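Here's a quick tour of the fold, meant to be read with the viewer open. Grab a coffee and rotate along.

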Amino acid sequence: FAGNNSDFLKGVVAMDGLPPSDRIEVCFAGRSNVGKSSLINALTGRTRLARASNTPGRTQEINFFTLADSHYLVDLPGYGFANAPLPVIEKWQKLLKQYLSGRASLRRAFVLIDTRHGVKSVDEEIMSLLDSSAVTFQVVLTKADKVKVSDREKVLEQVRKALSKHPAAYPEIVLTSSEKGDGIATLRSIVATLD
Ligand code: GTP
Ligand code: MG
(Lines give C-alpha, C1' and ligand atoms only; values in the text may rest on other atoms or scores of the structure.)
(Ligands and ions follow the chains in the order given, each with its own letter.)
Protein backbone atom coordinates (compact mmCIF):
# COMPACT_ATOMS: atom_id res chain seq x y z
CA PHE A 1 0.00 0.00 0.00
CA ALA A 2 1.17 3.49 -0.78
CA GLY A 3 1.76 5.00 2.63
CA ASN A 4 -0.04 3.24 5.41
CA ASN A 5 -2.40 5.94 6.46
CA SER A 6 -5.81 4.77 7.58
CA ASP A 7 -8.64 6.74 8.98
CA PHE A 8 -12.27 6.56 9.90
CA LEU A 9 -14.25 8.24 7.15
CA LYS A 10 -17.89 7.98 8.13
CA GLY A 11 -20.72 5.86 9.45
CA VAL A 12 -23.57 5.31 7.03
CA VAL A 13 -27.20 4.51 7.89
CA ALA A 14 -28.80 4.84 4.45
CA MET A 15 -27.77 4.35 0.84
CA ASP A 16 -27.65 8.07 0.10
CA GLY A 17 -24.96 8.44 2.76
CA LEU A 18 -22.45 6.21 0.94
CA PRO A 19 -19.22 7.89 -0.15
CA PRO A 20 -18.55 8.04 -3.91
CA SER A 21 -17.41 4.66 -5.31
CA ASP A 22 -14.03 6.00 -6.28
CA ARG A 23 -11.83 3.49 -4.47
CA ILE A 24 -11.30 -0.24 -4.33
CA GLU A 25 -13.66 -1.45 -1.63
CA VAL A 26 -13.83 -4.56 0.52
CA CYS A 27 -16.32 -5.25 3.29
CA PHE A 28 -16.24 -7.36 6.41
CA ALA A 29 -19.37 -9.27 7.37
CA GLY A 30 -19.98 -11.67 10.19
CA ARG A 31 -21.93 -12.46 13.29
CA SER A 32 -21.88 -10.03 16.17
CA ASN A 33 -18.72 -10.35 18.20
CA VAL A 34 -16.88 -12.44 15.57
CA GLY A 35 -14.06 -9.89 15.48
CA LYS A 36 -14.77 -7.62 12.47
CA SER A 37 -13.67 -4.38 14.11
CA SER A 38 -10.62 -6.04 15.65
CA LEU A 39 -9.60 -7.38 12.24
CA ILE A 40 -9.87 -3.95 10.65
CA ASN A 41 -7.71 -2.55 13.43
CA ALA A 42 -5.14 -5.32 12.89
CA LEU A 43 -5.11 -4.75 9.11
CA THR A 44 -4.59 -1.03 9.43
CA GLY A 45 -2.18 -1.34 12.34
CA ARG A 46 -4.28 1.07 14.37
CA THR A 47 -5.43 -0.45 17.60
CA ARG A 48 -8.38 1.82 18.22
CA LEU A 49 -9.52 2.79 14.73
CA ALA A 50 -12.62 0.60 14.59
CA ARG A 51 -14.29 0.23 17.96
CA ALA A 52 -14.04 -3.30 19.25
CA SER A 53 -16.12 -4.28 22.23
CA ASN A 54 -17.45 -7.09 24.31
CA THR A 55 -21.01 -5.94 23.74
CA PRO A 56 -22.37 -7.74 20.66
CA GLY A 57 -23.97 -5.44 18.13
CA ARG A 58 -21.79 -2.50 19.03
CA THR A 59 -21.19 -1.56 15.40
CA GLN A 60 -24.61 -0.28 14.28
CA GLU A 61 -23.68 1.57 11.13
CA ILE A 62 -21.86 0.71 7.93
CA ASN A 63 -18.51 2.18 8.87
CA PHE A 64 -16.11 3.30 6.16
CA PHE A 65 -12.37 3.38 6.77
CA THR A 66 -9.75 4.51 4.32
CA LEU A 67 -6.67 2.37 3.68
CA ALA A 68 -3.80 4.18 2.00
CA ASP A 69 -5.24 6.49 -0.65
CA SER A 70 -6.69 3.68 -2.69
CA HIS A 71 -9.03 1.51 -0.63
CA TYR A 72 -12.08 1.54 1.56
CA LEU A 73 -12.44 -1.04 4.31
CA VAL A 74 -16.09 -1.37 5.26
CA ASP A 75 -17.16 -2.64 8.67
CA LEU A 76 -20.70 -4.02 8.39
CA PRO A 77 -23.05 -4.32 11.35
CA GLY A 78 -22.91 -7.75 12.95
CA TYR A 79 -25.80 -10.07 12.14
CA GLY A 80 -27.49 -12.69 14.26
CA PHE A 81 -27.91 -10.29 17.13
CA ALA A 82 -31.28 -11.48 18.33
CA ASN A 83 -31.68 -8.85 21.04
CA ALA A 84 -32.16 -5.97 18.60
CA PRO A 85 -35.80 -4.93 18.03
CA LEU A 86 -37.30 -6.42 14.86
CA PRO A 87 -37.77 -3.09 13.03
CA VAL A 88 -34.06 -2.36 13.60
CA ILE A 89 -33.08 -5.79 12.26
CA GLU A 90 -35.34 -5.35 9.22
CA LYS A 91 -33.95 -1.91 8.48
CA TRP A 92 -30.40 -3.28 8.56
CA GLN A 93 -31.22 -6.27 6.41
CA LYS A 94 -32.69 -3.96 3.80
CA LEU A 95 -29.70 -1.63 3.85
CA LEU A 96 -27.28 -4.57 3.74
CA LYS A 97 -29.06 -6.00 0.69
CA GLN A 98 -29.06 -2.64 -1.04
CA TYR A 99 -25.39 -2.09 -0.27
CA LEU A 100 -24.25 -5.56 -1.39
CA SER A 101 -26.20 -5.55 -4.62
CA GLY A 102 -25.65 -1.94 -5.61
CA ARG A 103 -22.05 -1.10 -4.86
CA ALA A 104 -20.01 -1.02 -8.08
CA SER A 105 -16.64 -0.59 -6.35
CA LEU A 106 -17.12 -3.54 -3.97
CA ARG A 107 -14.47 -6.06 -4.99
CA ARG A 108 -14.81 -8.68 -2.31
CA ALA A 109 -16.69 -9.42 0.87
CA PHE A 110 -14.84 -11.12 3.67
CA VAL A 111 -17.16 -13.35 5.67
CA LEU A 112 -15.74 -13.76 9.14
CA ILE A 113 -16.31 -17.01 10.97
CA ASP A 114 -15.20 -17.72 14.52
CA THR A 115 -12.71 -20.62 14.38
CA ARG A 116 -14.30 -22.06 17.53
CA HIS A 117 -17.81 -22.12 16.09
CA GLY A 118 -17.58 -22.80 12.36
CA VAL A 119 -20.31 -21.91 9.85
CA LYS A 120 -23.73 -21.23 11.40
CA SER A 121 -27.07 -20.88 9.65
CA VAL A 122 -26.92 -17.06 9.69
CA ASP A 123 -23.56 -17.33 7.91
CA GLU A 124 -25.18 -19.52 5.28
CA GLU A 125 -27.82 -16.82 4.83
CA ILE A 126 -25.26 -14.10 4.24
CA MET A 127 -23.38 -16.35 1.81
CA SER A 128 -26.58 -16.92 -0.14
CA LEU A 129 -27.22 -13.19 -0.19
CA LEU A 130 -23.70 -12.68 -1.57
CA ASP A 131 -24.34 -15.37 -4.22
CA SER A 132 -27.48 -13.61 -5.37
CA SER A 133 -25.74 -10.22 -5.27
CA ALA A 134 -22.85 -11.66 -7.33
CA VAL A 135 -20.29 -10.42 -4.82
CA THR A 136 -17.25 -12.69 -4.55
CA PHE A 137 -16.71 -13.58 -0.94
CA GLN A 138 -13.87 -15.14 1.00
CA VAL A 139 -14.04 -16.71 4.44
CA VAL A 140 -11.74 -15.42 7.15
CA LEU A 141 -11.55 -17.54 10.28
CA THR A 142 -11.09 -15.35 13.34
CA LYS A 143 -9.75 -15.86 16.87
CA ALA A 144 -7.55 -18.73 15.72
CA ASP A 145 -5.50 -18.22 18.89
CA LYS A 146 -8.39 -19.72 20.84
CA VAL A 147 -8.27 -23.04 18.97
CA LYS A 148 -5.49 -25.61 19.20
CA VAL A 149 -3.62 -26.21 15.96
CA SER A 150 -4.69 -29.87 16.09
CA ASP A 151 -8.38 -28.87 16.20
CA ARG A 152 -8.29 -26.41 13.30
CA GLU A 153 -8.47 -28.93 10.46
CA LYS A 154 -11.97 -29.99 11.49
CA VAL A 155 -13.41 -26.48 11.20
CA LEU A 156 -11.52 -25.91 7.93
CA GLU A 157 -13.17 -29.03 6.54
CA GLN A 158 -16.62 -27.86 7.66
CA VAL A 159 -16.07 -24.47 6.03
CA ARG A 160 -14.79 -26.03 2.78
CA LYS A 161 -17.89 -28.17 2.63
CA ALA A 162 -20.15 -25.15 3.17
CA LEU A 163 -18.29 -23.13 0.51
CA SER A 164 -18.74 -25.82 -2.10
CA LYS A 165 -22.45 -24.94 -2.17
CA HIS A 166 -21.88 -21.25 -2.90
CA PRO A 167 -21.02 -20.10 -6.42
CA ALA A 168 -19.74 -16.70 -5.21
CA ALA A 169 -17.25 -18.27 -2.78
CA TYR A 170 -13.53 -17.81 -3.31
CA PRO A 171 -11.99 -21.11 -2.24
CA GLU A 172 -9.01 -19.95 -0.19
CA ILE A 173 -9.76 -19.69 3.54
CA VAL A 174 -7.66 -17.33 5.64
CA LEU A 175 -6.98 -18.27 9.25
CA THR A 176 -6.38 -15.21 11.42
CA SER A 177 -5.83 -13.94 14.90
CA SER A 178 -6.12 -10.20 15.37
CA GLU A 179 -4.72 -10.70 18.82
CA LYS A 180 -1.57 -12.60 17.81
CA GLY A 181 -1.24 -11.29 14.26
CA ASP A 182 -1.57 -14.64 12.46
CA GLY A 183 -2.80 -14.32 8.89
CA ILE A 184 -2.92 -10.52 8.97
CA ALA A 185 -0.10 -10.03 6.44
CA THR A 186 -1.71 -12.63 4.18
CA LEU A 187 -5.05 -10.86 4.32
CA ARG A 188 -3.42 -7.49 3.73
CA SER A 189 -1.74 -8.78 0.60
CA ILE A 190 -5.01 -10.28 -0.64
CA VAL A 191 -6.66 -6.86 -0.27
CA ALA A 192 -3.69 -5.17 -1.93
CA THR A 193 -3.86 -7.38 -5.03
CA LEU A 194 -7.55 -6.77 -5.73
CA ASP A 195 -8.11 -4.28 -8.51
P1 GTP B 1 -19.84 -6.26 16.52
O2 GTP B 1 -19.37 -4.92 16.03
O3 GTP B 1 -20.56 -6.20 17.82
O4 GTP B 1 -20.60 -7.03 15.49
O5 GTP B 1 -18.54 -7.14 16.88
P6 GTP B 1 -17.21 -7.33 16.01
O7 GTP B 1 -17.42 -8.44 15.05
O8 GTP B 1 -16.73 -6.04 15.47
O9 GTP B 1 -16.18 -7.91 17.12
P10 GTP B 1 -15.04 -7.10 17.87
O11 GTP B 1 -13.89 -6.81 16.96
O12 GTP B 1 -15.64 -5.98 18.62
O13 GTP B 1 -14.50 -8.26 18.87
C14 GTP B 1 -15.37 -8.86 19.81
C15 GTP B 1 -14.55 -9.43 20.98
O16 GTP B 1 -13.67 -10.47 20.52
C17 GTP B 1 -13.65 -8.39 21.64
O18 GTP B 1 -13.65 -8.63 23.02
C19 GTP B 1 -12.28 -8.68 21.04
O20 GTP B 1 -11.22 -8.31 21.89
C21 GTP B 1 -12.32 -10.19 20.84
N22 GTP B 1 -11.44 -10.61 19.72
C23 GTP B 1 -11.46 -10.12 18.46
N24 GTP B 1 -10.51 -10.71 17.69
C25 GTP B 1 -9.86 -11.60 18.50
C26 GTP B 1 -8.77 -12.51 18.30
O27 GTP B 1 -8.18 -12.66 17.22
N28 GTP B 1 -8.41 -13.28 19.36
C29 GTP B 1 -9.03 -13.18 20.58
N30 GTP B 1 -8.61 -13.99 21.54
N31 GTP B 1 -10.04 -12.32 20.80
C32 GTP B 1 -10.46 -11.53 19.79
MG1 MG C 1 -17.65 -4.20 15.37
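What follows is a briefing on the sheet, the helices, the core and a few backbone oddities.

Keep in mind that this is a predicted model. The centrepiece is an open sheet of seven strands with mixed pairing, in the order 1-3-4-2-5-6-7. The largest nonpolar core has 41 residues, and strand 5 gives the most to it, with six residues.

**The sheet**

- Reading across the open sheet, the strand order is 1-3-4-2-5-6-7. Strand 1 (6-12) and strand 7 (169-175) sit at the edges with a single partner strand each, so one side of each has no neighbour in the sheet.
- On average, neighbouring strands here are turned by 25 degrees against each other, direction ignored.
- As a reminder, strands of a sheet pair through backbone hydrogen bonds, and they can do that parallel or antiparallel.

**Strand 5 and its partners**

- On one side, strand 5 (residues 106-114) runs parallel to strand 2 (residues 24-30), and six bridges join the two. If you want to find the register, Glu25 has Leu106 as its bridge partner, and Cys27 stands opposite Ala109.
- Strand 5 also runs parallel to strand 6, again with six bridges. Ala109 turns up here too, standing opposite Phe137 in strand 6.
- To get from strand 5 to strand 6, the chain goes through helix 3 (residues 121-133), and this β-α-β crossover is right-handed.
- Is strand 5 mostly covered or mostly open? It's mostly covered, with seven of its nine residues buried.
- Helix 4 (residues 149-163) lies across strand 5, strand 6 (137-142) and strand 7, and it runs at about 165 degrees to strand 7.

**The nonpolar core**

- Within the 41-residue core, the residues with the most contacts are Phe28, Val74, Val111 and Leu112.
- At least two core residues each come from strand 2, helix 1, strand 3, strand 4, strand 5, helix 3, strand 6 and helix 4. Strand 5 is the biggest giver, with six.
- Phe28 is a handy place to start browsing: beyond four places in sequence, its contacts include Lys36, Leu39 and Ile40, all three of them among the buried residues of helix 1. Phe28 also touches Val74, Asp75, Leu76, Phe110 and Leu112.

**Helix 1 and Thr44**

- How many of the nine residues of helix 1 are buried? Nine of the nine are, so helix 1 is largely enclosed by the rest of the structure. The buried set includes Lys36, Ser37, Ser38 and Asn41 alongside nonpolar residues such as Leu39 and Ile40.
- Thr44 belongs to helix 1 (residues 36-44). Thr44 counts as buried because 22 other C-beta atoms lie within 10 Å, and the cut-off is 20 or more.
- Setting aside residues up to four places away in sequence, Thr44 touches Ser6, Leu49, Phe65 and Leu67. Thr44 and Leu73 are 29 residues apart in sequence, with their C-alpha atoms 9.4 Å apart in space.
- Just after helix 1, Gly45 takes a positive phi of about 70 degrees.

**Non-glycine residues with positive phi**

- Asn33 isn't a glycine, yet it has a positive phi of about 80 degrees. You'll find Asn33 in the loop between strand 2 and helix 1, where it is buried with 21 other C-beta atoms within 10 Å.
- Ala68 isn't a glycine either, and its phi is positive at about 50 degrees. Ala68 sits in the loop between strand 3 (62-67) and strand 4 (71-75). With 15 other C-beta atoms within 10 Å, Ala68 is partly exposed.

**Thr176**

- Thr176 is in the loop between strand 7 and helix 5 (184-193), and it is buried, with 26 other C-beta atoms within 10 Å.
- Which residues does Thr176 contact, leaving aside neighbours within four places in sequence? They are Leu39, Val140, Leu141, Thr142, Ala144, Asp182, Gly183, Ile184 and Leu187.
- Leu39 is 137 residues away along the chain, but the C-alpha atoms of Thr176 and Leu39 are separated by 8.5 Å.

Methods: Residues are numbered from 1 along each chain as its sequence is written. Chains are lettered from A and ligands numbered from 1 in the order in which they are written. This is a predicted model: local features need pLDDT of at least 70, side-chain atom pairs count only at pLDDT 80 or more; totals for chains, interfaces and linings use all residues. Two strands pair if DSSP finds at least two bridges between them. Helices (H or I, at least four residues) and strands (E, at least two) are DSSP runs, numbered from the N terminus. Axes are lines fitted to C-alpha atoms, for helices over the stretch in contact, and angles run from 0 to 180 degrees between N-to-C directions. Two residues are in contact if their C-beta atoms, placed from the backbone, lie within 7 Å. A residue is buried if 20 or more other C-beta atoms lie within 10 Å of its own, exposed if 12 or fewer, and partly exposed in between; C-beta atoms are placed from the backbone. A crossover is right-handed if, with the strands pointing away from the viewer, the path from the first strand over the helix to the second runs clockwise. A nonpolar core is a set of buried Ala, Val, Leu, Ile, Met, Phe, Trp, Tyr and Cys residues joined through C-beta atoms within 7 Å.
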